[in-house]
Amino acid sequence: MRKSSFFFVYALMVIAQILICNYFHLTSFVMLSILPVLVLCIPIRISTTGSLLIAFVTGFVVDLLAEGVLGLNTLALVPVGLIRIPLIRLVFGEDLISRNEDFSVRKYGFGKVTLAILIVQAVFLIIYILADGAGTRPIEFNAIRFGASLLAGYLLSLILIDTLAPDTRK
């Protein structure tokens, strides 16, 4: 996907996340977020510093326009930007990085993409849930919220992954 079209789709997905935050409150146990997979799918040619900046701005915009707690999404999303390249290297291999290619489900398989999505969702949710509760919620509630949110975020990310990381060999 060309750089300009990726960032157009990225901006649309950020708007979708803002709408999800403002209008789709399923329960207190489920926090739907597509932000981690958005950061994961930032093109490889963008450096870690660039992905950190994009993650920061994305989290800040969502916090400002949707969540109400300024800094919560930012706090949870910046570490996802930090681990993006090492995670891609670990899950998809060094060749992807050295060839400066983006990943896709068709090229690397459902299993590897699923693993990458689950890891970024888990990192995001652990930080988000711990910061959101600030030690005031019981561990059982946080564990149920983590599990339910991980499943919901993973399923939503699977629906969007082909749009965010299309196969360029078509």
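## Starting with F56

At 41% relative accessibility, F56 counts as partly exposed, because that value falls between the 20% limit for buried and the 50% limit for exposed. This comes from a predicted model, so to speak a computed picture of the chain. F56 sits in helix α3.

What does F56 touch, once residues up to four places away in sequence are set aside? The partners are T74 and V78. V78 is 22 residues from F56 along the sequence, yet their C-alpha atoms are 5.7 Å apart in space.

## The overall build

Stepping back, the protein has eight helices and zero strands. Read from the N terminus, the elements go α-α-α-α-α-α-α-α. The radius of gyration is 15 Å, close to the 15 Å that the globule rule gives for 170 residues, so the protein is as compact as a globular protein of that length. Along its principal axes, the C-alpha trace spans about 45 × 30 × 25 Å.

Contacts reach a good way along the chain here: of those between residues at least 6 apart in sequence, 75% join residues at least 24 apart.

## Inside the protein

Of the 170 residues, 45% count as buried. The largest nonpolar core holds 50 residues, and F92 and F103 have the most contacts inside it. Helices that each supply at least two residues of this core are α1 (3–23), α2 (35–40), α3 (48–67), α4 (72–92), α5 (94–98), α7 (110–133) and α8 (139–164). As a general point, nonpolar side chains in soluble globular proteins tend to be buried together.

Which residues is F92 in contact with, leaving aside neighbours within four places in sequence? They are L87, F103, Y108, K112, V113 and A116. So F103 turns up twice: as a contact of F92, and beside F92 as a residue with the most contacts inside the core.

## A loop residue: D102

Now for a spot between helices: D102 lies in the loop between α5 and α6 (105–108). Is D102 buried or partly exposed? D102 has 29% relative accessibility and counts as partly exposed.

Leaving aside neighbours within four places in sequence, D102 is in contact with P43, I44, R45 and L96. L90 is 12 residues from D102 in sequence, and the two are 14 Å apart in space, C-alpha to C-alpha.

## Surface and charge

The accessible surface comes to about 8400 Å², and 70% of that belongs to carbon and sulfur atoms. As for charge, the protein carries 13 positive and 10 negative side chains. The centres of these two sets lie 8 Å apart.

Terms used
Residues are numbered from 1 along each chain as its sequence is written. This is a predicted model: local features need pLDDT of at least 70, side-chain atom pairs count only at pLDDT 80 or more; totals for chains, interfaces and linings use all residues. Side-chain values use heavy atoms; hydrogens and water are left out. Helices (H or I, at least four residues) and strands (E, at least two) are DSSP runs, numbered from the N terminus. The radius of gyration is taken over C-alpha atoms; the globule rule is 2.2 Å times the number of residues to the power 0.38. Buried means under 20% relative accessible area, exposed over 50%, partly exposed in between (1.4 Å probe, protein chains only). Contact means heavy atoms within 4.5 Å. Accessible areas come from the Shrake-Rupley method with a 1.4 Å probe; for residues, only the protein chains shown count as cover. Lys and Arg count as positive and Asp and Glu as negative; His and the chain ends are not counted. The place of a charge is taken as NZ of Lys, CZ of Arg, CG of Asp or CD of Glu. A nonpolar core is a set of buried Ala, Val, Leu, Ile, Met, Phe, Trp, Tyr and Cys residues joined through side-chain atoms within 4.5 Å.
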